[in-house]
Amino acid sequence: AIVAKRAFLHDCASSLELAYVISSNLSCSASVIHLAAISVDRFLAVVYPLRHRQIMNSYGLKIMLGVVWVVSIIFASCRIPFLKETSYLVLVVFVVSYGLIIICYATIVTFLVKEKGRKNEIRARPTVVVDSKIERRVAFTLAIVIAIFTACWLPMIVVFFAAGKSLVKMYGTAYMWIRSLALSNSAMNFIIYSARIRDFRDAYALICRKIIHCTK
């Protein structure tokens, strides 16, 4: 809507831009922190499978969700009135979140390598083996999501925030393409989940059939 207003109506779309700034700062910070939280969940599920359910059901899930949204709301509240002065906060949130993601996945990979060397011992516990295979597949799916998230958002972080100022002309062609790439990330997750998770495909197919049935 912003691009269309500027291209065809020659309107600066200031009201839409404000809405974009508010929603994007909140949702983008929540997205990357959610990825970090999910990485912690996968770490617990793969490395500590027998304790994972107890930890997450008792207090872990509520604590993680609370931290994600409290930090995201504080971040957005600071960014909106002081957009230029708080550019460093963007790097802080991304560096801390990605640091946590890297630590969790490095630990998962190390654990799986060691686990592979103990195949005989693991075969004596078939239930754990089945659960471990499922958790590894989920962890790999999340790794794909994180990789694509990084590919979509890294150009924007580097160009807009790494130097403390925009390295391209604000609201120019390059600016719009880089921002559009970042915003397209969420649409890509749908494709990943459909390709990797059968339950997701089945649920989506069921929804489509119901929609088609209702429109007849």
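1. Let's start with L154, which has its place in helix α6. Bear in mind that this is a predicted model. Buried or exposed, where does L154 fall? In between, as it happens: L154 counts as partly exposed because its relative accessibility is 47%, and the partly exposed class runs between the 20% limit for buried and the 50% limit for exposed. Along the chain, L154 and F94 are 60 residues apart, yet their C-alpha atoms are separated by just 9.7 Å.

2. Now the overall layout. The protein chain has 9 helices and 0 strands, and from the N terminus its elements read α-α-α-α-α-α-α-α-α. Of the 216 residues in the chain, 35% are buried.

3. F94 turns up again in the largest nonpolar core. This core has 45 residues, and the ones that touch the most other members are V32, L35, F94, I146, F149, W153 and M156. Which elements give two or more residues to it? They are α2 (14–47), α3, α4 (87–116), α6 (126–162) and α7 (173–183). Helix α2 supplies the largest share, with 12 residues.

4. Helix α3 is worth a look from the outside too. Y59 lies in this helix, which covers residues 49–79, and together with I63, V67 and V71 it makes up a nonpolar patch on the surface. The four have about 360 Å² of accessible area together. Taken alone, Y59 has a relative accessible area of 47%, so it is partly exposed. I'd have this patch on screen when going over α3.

5. V70 is another residue found in helix α3. V70 is partly exposed, because its relative accessible area is 47%. How many residues separate V70 and A30 in sequence? The gap is 40 residues, while the C-alpha to C-alpha distance in space is 9.4 Å.

6. On charged pairs, there is little to go through: searching the whole structure gives 1 salt bridge. It joins the side chains of D41 and R42, with 2.5 Å from N to O. Side chains of opposite charge can pair when their charged atoms come close. Are these two partners buried or exposed? D41 is buried, and R42 is buried as well.

7. I also checked the length of helix α8 (residues 185–196). At 1.5 Å a residue, its 12 residues should span 16 Å, and the end C-alpha atoms are 17 Å apart, so the two values agree. In case the expected value looks odd, the multiplier is one less than the number of residues. Which residues of α8 are buried? N185, N189, I192, S194 and R196 are.

8. Last, the cysteines. The structure holds 0 disulfides, that is, no covalent bond between the sulfur atoms of two cysteines. C208 has 25% relative accessibility and therefore counts as partly exposed, given that buried means under 20%. C214 has a relative accessible area of 65%, which means that C214 is exposed, the cut-off being over 50%.

Definitions and conventions. Residues are numbered from 1 along each chain as its sequence is written. This is a predicted model: local features need pLDDT of at least 70, side-chain atom pairs count only at pLDDT 80 or more; totals for chains, interfaces and linings use all residues. Side-chain values use heavy atoms; hydrogens and water are left out. Buried means under 20% relative accessible area, exposed over 50%, partly exposed in between (1.4 Å probe, protein chains only). Patches are made of residues with over 30% relative accessible area and no salt bridge: like charges are joined within 9 Å, nonpolar side chains (Val, Leu, Ile, Met, Phe, Trp, Tyr) within 5 Å. Accessible areas come from the Shrake-Rupley method with a 1.4 Å probe; for residues, only the protein chains shown count as cover. Helices (H or I, at least four residues) and strands (E, at least two) are DSSP runs, numbered from the N terminus. A nonpolar core is a set of buried Ala, Val, Leu, Ile, Met, Phe, Trp, Tyr and Cys residues joined through side-chain atoms within 4.5 Å. A disulfide is a pair of cysteine sulfur atoms within 2.5 Å.
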